[in-house]
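This report looks at the side-chain contacts of one protein chain, taking cysteines, aromatic rings, charged pairs and surface in turn. Please keep the structure open while reading.

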Amino acid sequence: MIVNEEHLKENSRKPMNSYLAPLVRDIQPSGIRKFFDLVSGNKDIITLGVGEPDFVTPWHVREACVYSLERGFTGYTSNAGMPELREAIARYLHDSFHVAYDPKDEIIVTVGGSEAIDLALRALIVPGDEILIPEPSYISYSPITSIGGGVSVGIETTAENHFKLTAEALEAKITPKSKILILCYPSNPTGTTMTYEDWLPIAKVVEKHDLIVISDEIYAELTYDGKHVSFASIPGMKDRTILVSGFSKAFAMTGWRMGYVCAHPDLISAMLKIHQYTVMCAPAMGQVAALEALTNGMEEKDRMMESYNQRRRLIVQGLCDIGLDCHEPQGAFYAFPSIKRTGLSSDEFAQRLLTEVKVAAVPGSVFGLGGEGFIRCSYATSISQLSEALERMGKFVEKLT
């Protein structure tokens, strides 16, 4: 009998997933993306799932990009980003949020805010470090922490306290291994904001335990009552804070993947080394578009924000009217209603809502501690779609109760 050696080799090969790094193999896929994939291409489904503006990037921003391509602006920029864009970011942060950064050595333009978070964690984590994350929270923080060798420590926040982080809750989770506190306010998924008075006791705990803070402020512009307060603006906190933001949400530029990170020069220098060896620089034409958005895009930004504010009022009132208690979000474009009275888990509620009335929302359980018993509803969609979604949800809830 003739033996096929190639066939024997193939049959004796280990399963391909055995070659994977255990940390990566064990990470669960995004719970948000799971629901997005289910509804993709189905026109009958109203999606309140993925947090993406329904606005198209303003024409003049797109035109600036097109013109840059026509002029042949297609090469690398400085690793840290175009100097004029970094200067515009520094002016914007100073004028809008009263934080001052030197564009020469305290700012990097990144491939979205996501890269900025990854850079910050990889630059700081020593294996075994504990990373404190107020939850419910944006789903990427914990997996990126794990990939970097850190240990995620969730800090549960509650609806009774409007999902705000408190000094007492933070202090209770700190150990000798605590190193980094990740903040996301305005919050994804709850829409919670923090005031200057809210931040002061947090800052005392941060200083007392010598923590570094990564402050994800991607929704800063979407603050409806009062002005956004950057954690970096709290006295004594700027050097301890890595400020992350970008253009995706406020400027309707999700697909452009344009973000930035601001921090002390020593921290920026470390992050820049990783950035150089992984992505080289953010896309040149995207940087041109981002510069145009900051230079001439404030009117459109404010117009979009007012539209979100109108939708915010509509969805909160609508959810309460159909019997789903919902605290009023003060920022971002998410409502986080309780579905506890239905007796269903978050995942069961979201699955049945999708299959029975064709409305897609994200189960709160995917956002960590305190998320079970809630769903996340993005109101970054049209008034007509929101109204129809609320009508369908009302009929669904009525059947359950």
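Is Cys 377 buried or exposed? In this predicted model, Cys 377 counts as buried, because its relative accessibility is 0%.

**Cysteines**

The sulfur of Cys 377 has its closest cysteine sulfur in Cys 326, at 7.7 Å, and this is too far for a bond, since a disulfide requires two cysteine sulfur atoms within 2.5 Å. A search of the whole structure finds 0 disulfides. Cys 184 is likewise in no disulfide, and the cysteine sulfur nearest to its own, that of Cys 262, is 16 Å away. With a relative accessible area of 8%, Cys 184 is buried.

**Aromatic rings**

The count of aromatic pairs comes to 17. One of them is formed by Phe 55 and Tyr 308, whose rings meet edge-to-face, with 5.6 Å from centre to centre and 75° between the planes. This pair links distant parts of the chain, given that Phe 55 is in the loop between strand 1 (46-47) and helix 4 (59-70) while Tyr 308 is in helix 12 (residues 298-321), 253 residues apart. Tyr 308 is buried, with a relative accessible area of 0%.

A further edge-to-face pair is that of Tyr 138 and Tyr 141, with 5.3 Å between the centres and 80° between the planes. Tyr 138 counts as partly exposed at 22% relative accessibility, whereas Tyr 141 counts as buried at 1%.

Which residues form one aromatic cluster with Phe 55 and Tyr 308? The cluster also takes in Tyr 219, Phe 333 and Tyr 334.

Rings also take part in contacts with charged side chains. The charged end of Lys 14 sits over the ring of Tyr 19, at 4.8 Å from the ring centre, and the charged end of Lys 238 sits over the ring of Tyr 101, again at 4.8 Å from the centre.

**Salt bridges**

The structure holds 14 salt bridges, and three of these pairs are set out in the table, each with the distance between the closest N and O atoms.

| Acidic residue | Basic residue | N to O distance |
|---|---|---|
| Glu 106 | Lys 238 | 3.6 Å |
| Glu 328 | Arg 312 | 3.0 Å |
| Glu 388 | Arg 392 | 2.9 Å |

Lys 238, already met over the ring of Tyr 101, forms a salt bridge with Glu 106. Glu 106 lies in the loop between helix 5 (83-97) and strand 2 (107-111), and Lys 238 lies in the loop between strand 6 (212-216) and strand 7 (241-246), so this pair ties together parts of the chain that are 132 residues apart in sequence. Glu 106 is buried, with a relative accessible area of 10%, while Lys 238 is partly exposed, with 26%.

In the pair of Glu 328 and Arg 312, the salt bridge has its closest N and O atoms 3.0 Å apart. Glu 328 is in the loop between helix 12 and strand 9 (334-335), and Arg 312 is in helix 12, so the pair ties together parts that are 16 residues apart in sequence. Here Glu 328 is partly exposed, with a relative accessible area of 42%, and Arg 312 is buried, with 3%.

The salt bridge between Glu 388 and Arg 392 lies within one helix: these residues are separated by about one helical turn, because they are 4 residues apart in helix 14 (residues 383-400). Glu 388 counts as partly exposed at 30% relative accessibility, and Arg 392 also counts as partly exposed, at 21%. Elsewhere, Arg 352, Glu 356 and Lys 399 are joined into one network by salt bridges that share partners.

**Surface and separation**

Leu 23, Val 24 and Ile 147 form a nonpolar patch on the surface, and together they have about 270 Å² of accessible area. Leu 23 is found in helix 2 (residues 22-25) and is partly exposed, with a relative accessible area of 46%.

Met 285 lies in helix 11 (residues 284-296) and counts as partly exposed at 23% relative accessibility. Its C-alpha atom is separated by 36 Å from that of Val 359, the two residues being 74 residues apart along the chain.

Technical notes:
Residues are numbered from 1 along each chain as its sequence is written. This is a predicted model: local features need pLDDT of at least 70, side-chain atom pairs count only at pLDDT 80 or more; totals for chains, interfaces and linings use all residues. Side-chain values use heavy atoms; hydrogens and water are left out. Patches are made of residues with over 30% relative accessible area and no salt bridge: like charges are joined within 9 Å, nonpolar side chains (Val, Leu, Ile, Met, Phe, Trp, Tyr) within 5 Å. Accessible areas come from the Shrake-Rupley method with a 1.4 Å probe; for residues, only the protein chains shown count as cover. A salt bridge is a side-chain nitrogen of Lys or Arg within 4 Å of a carboxyl oxygen of Asp or Glu. Helices (H or I, at least four residues) and strands (E, at least two) are DSSP runs, numbered from the N terminus. Buried means under 20% relative accessible area, exposed over 50%, partly exposed in between (1.4 Å probe, protein chains only). Rings of Phe, Tyr and Trp (its six-membered ring) pair if their centres lie within 6.5 Å; planes under 30 degrees apart count as stacked, over 60 as edge-to-face and the rest as tilted. A charge sits over a ring if NZ of Lys or CZ of Arg is within 6 Å of the ring centre and within 35 degrees of the ring normal.
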